[in-house]
Amino acid sequence: MLKSRDRRAIAKCIIELSYNVTASLSNELTDILLEGDSVAIEIEDKNTGSALRALRKLNIDYEIIE
């Protein structure tokens with residue numbers, strides 16, 4: 001079972017990494033991820049390296065689409 005702090009960490013990561021995502025939307029996207037579905041998040045170029053590290057740290061699978 002996922003701990004609430006892990007859920008908060010994922011939501012916070014989405015907010016920090018994504019372009020133009022609110023806290024409310026981040027929580028919705030986190031719920032979708034936890035259900036096992038995919039989400040698309042636009043990341044600004046300047047955050048790409050840190051975004052990928054943060055996703056790996058949280059054990060979130062990702063695909064880069066250019």
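Tutor: A helix here is a DSSP run of H or I with at least four residues, a strand is a run of E with at least two, and both are numbered from the N terminus. The model is a predicted one, in which local features need pLDDT of at least 70, side-chain atom pairs count only at pLDDT 80 or more, and totals for chains, interfaces and linings use all residues. Residues are numbered from 1 along each chain as its sequence is written, and side-chain values use heavy atoms, with hydrogens and water left out.

Student: What separates Glu16 and Lys12 in helix 1?

Tutor: About one helical turn, because the two residues are four places apart in helix 1.

Student: What makes Glu16 and Lys12 a salt bridge?

Tutor: The term needs a side-chain nitrogen of Lys or Arg within 4 Å of a carboxyl oxygen of Asp or Glu. For Glu16 and Lys12 the distance from N to O is 3.9 Å, so the pair meets the rule. Glu16 and Lys12 are both exposed, a word that stands for over 50% relative accessible area, while buried stands for under 20% and partly exposed for what lies in between (1.4 Å probe, protein chains only).

Student: How many salt bridges does the rule give?

Tutor: The count is two. The other pair is Asp31 with Arg7, whose closest N and O atoms are 2.4 Å apart. Asp31 belongs to helix 2 (residues 23-34) and Arg7 to helix 1 (residues 4-17), so this pair ties together parts that are 24 residues apart in sequence.

Student: Why is Asp31 called partly exposed?

Tutor: Its relative accessibility is 33%, which falls between the two cut-offs, so the middle word applies. Arg7, at 26%, is partly exposed as well.

Student: How do you know where the buried residues of helix 3 lie around its axis?

Tutor: In helix 3 (residues 48-57), Ala51, Leu52 and Leu55 are buried. Seen down the axis, the buried residues fall within an arc of 95°, so they line one face of the helix. The arc is taken from the directions that run from the helix axis to the C-beta atoms. Arg53 and Lys57, on the other side of helix 3, are exposed. An α-helix has 3.6 residues a turn, so residues three or four places apart point the same way.

Student: Which residues make up the largest nonpolar core?

Tutor: There are nine: Ile10, Cys13, Ile14, Leu17, Val21, Leu29, Ala51, Leu55 and Ile60. Helix 1 and helix 3 each supply at least two of them, and the largest share, four residues, comes from helix 1. The set is called a core because its members are buried Ala, Val, Leu, Ile, Met, Phe, Trp, Tyr or Cys residues joined through side-chain atoms within 4.5 Å.

Student: What does Ile60 touch, not counting residues up to four places away in sequence?

Tutor: Ile60 touches Ile10 and Leu55, where contact means heavy atoms within 4.5 Å.

Student: Where is Ile43, and with which residues is it in contact?

Tutor: Ile43 sits in the loop between helix 2 and helix 3. Leaving aside neighbours within four places in sequence, its contacts are Leu17, Thr48 and Ala51. Ile43 has a relative accessible area of 28%, so it counts as partly exposed. From Ile43 to Ile14 the C-alpha distance is 9.5 Å, with their positions 29 residues apart along the chain.

Student: What is the phi of Asn20?

Tutor: Asn20 has a positive phi of about 65° although it is not a glycine. The residue is in the loop between helix 1 and helix 2, and it counts as exposed because its relative accessibility is 68%. Asn59, in the segment after helix 3, has a positive phi near 60° and is likewise not a glycine.

Student: Which residues are closest to the centre of the largest pocket?

Tutor: Of the 27 lining residues, they are Val39, Ile41, Leu55, Tyr62 and Glu63. Tyr62 is partly exposed, at 36% relative accessibility. Leaving aside neighbours within four places in sequence, Tyr62 is in contact with Leu52, Leu55 and Arg56.

Student: What gives the largest share of the lining of the largest pocket?

Tutor: Helix 1, with four residues.

Key: 1 Å grid on protein atoms, 1.4 Å probe; cavity = no way out; pocket = protein on both sides within 12 Å on 5 of 7 lines; lining within 4 Å.
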